[in-house]
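Trainee: Got a minute to go through this model with me? I'd like to talk about helix packing and aromatic rings.

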Amino acid sequence: MKRRVFLKNTVAASLAFAYPNFSGNATLPELKNENSENSKKLKDRFWLWGQEPGSHHVNNAYNLPGENLMDPVEGCQYLGIDRCCRVSMGLGPFPPYDNEAEKLKHLKEVVWSGLGTNHLLDPKKDQSDLDEILRIAKIYPNVTGVVMDDFFRGKDTPWSLSYDYVQQMSERLHAFEKRRLDFWLVWYVTELDLDVGTYIDLFDVITLWTMKGSDLQFLDENMKKFISKTPGKRRLAGCYMWNYREKKPFTIEEMKYQLDRYYYWIKEKQIEGIIFCSNCNADLGLEAVEYTRRWIQEVGNEVI
């Protein structure tokens, strides 16, 4: 097997991990539905956005450097994370998911993508991978939910699924015979003003993503809007380690700003945790990734 080189260069060991004393003026509703497992340490609130190696390098669409060989399990190990959102793209994985689920069985929690590769390869209305995920969930007790990626695509309705079908998915997950499974949603900051409240109601966990680096200046403003629109929901922040929309690296300063602000919102009990994207850029020698890894090591054992 070809040897994987996880890191080609590193950031100087003297990087500081300081947290400013923030004093926001807004009074926001507290998170009510926290992870039942519960997260006594900060690292228990961290997830990896796990995708097939090479998925982000297809057609060089994001201008990523190097070659990505690190798979989701290796990504979790490298970053020190034991929870994963396992999301399909054009390179897979493809059902049946037995082999991939077996690789992930030692993680504490795995949330699978509900649309799978259907949303890229052959989008058809009211189809999903839910049956396959429920089958896997009967075998692997660490499967705790389903996530819907790229759900709205900038529109007020899902791009390929009817409301009734999404509602049925939610009901089937909640009524799963082995245990209640959670329904997760990806929501981009560019979609916060869409009229999608009826869909938000169907989900248990809402994740907010800032894909454009220049939008980080509005992070707190968007977070407050996000919180106000998701009362009673579990909330997580999606954290990119590459500026995908603008096709360039995050600087250390940008990475530090993101992590400091998400840390603040976790401490304020307004969001539950962070999803780091992803193993597909974690072995490219990026300074932002190395900073993030060290940050996780620094704060991970902090008791919440």
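Mentor: Sure, we'll take a helix and then the ring pairs. It's a predicted model, so local features need pLDDT of at least 70, side-chain atom pairs count only at pLDDT 80 or more, and totals for chains, interfaces and linings use all residues. Residues are numbered from 1 along each chain as its sequence is written, and side-chain values use heavy atoms, with hydrogens and water left out.

Trainee: Which residues are buried in helix H7?

Mentor: In H7 (residues 219–228), Leu219, Asn222, Met223, Phe226 and Ile227 are buried, meaning under 20% relative accessible area with a 1.4 Å probe, protein chains only. They span an arc of only 135° around the axis, which puts them on the same side of H7. That arc is taken from the directions from the helix axis to the C-beta atoms. Helices here are DSSP runs of H or I, at least four residues, and strands are runs of E, at least two, numbered from the N terminus.

Trainee: And what do they pack against?

Mentor: Strands S5 (182–188), S6 (205–209) and S7 (234–240), plus helix H8 (252–267).

Trainee: Switching topic: how many aromatic pairs are there in the whole structure?

Mentor: The search finds 16. Rings of Phe, Tyr and Trp (its six-membered ring) pair if their centres lie within 6.5 Å; planes under 30 degrees apart are stacked, over 60 edge-to-face, the rest tilted. Phe46 and Phe276 are edge-to-face, 5.5 Å centre to centre with 80° between the planes. Phe46 sits in strand S1 and Phe276 in strand S8, 230 residues apart.

Trainee: Are those two buried or exposed?

Mentor: Both Phe46 and Phe276 are buried.

Conventions
Buried < 20%, exposed > 50% of the residue type's maximum accessible area, 1.4 Å probe, protein only. Contact = heavy atoms within 4.5 Å.
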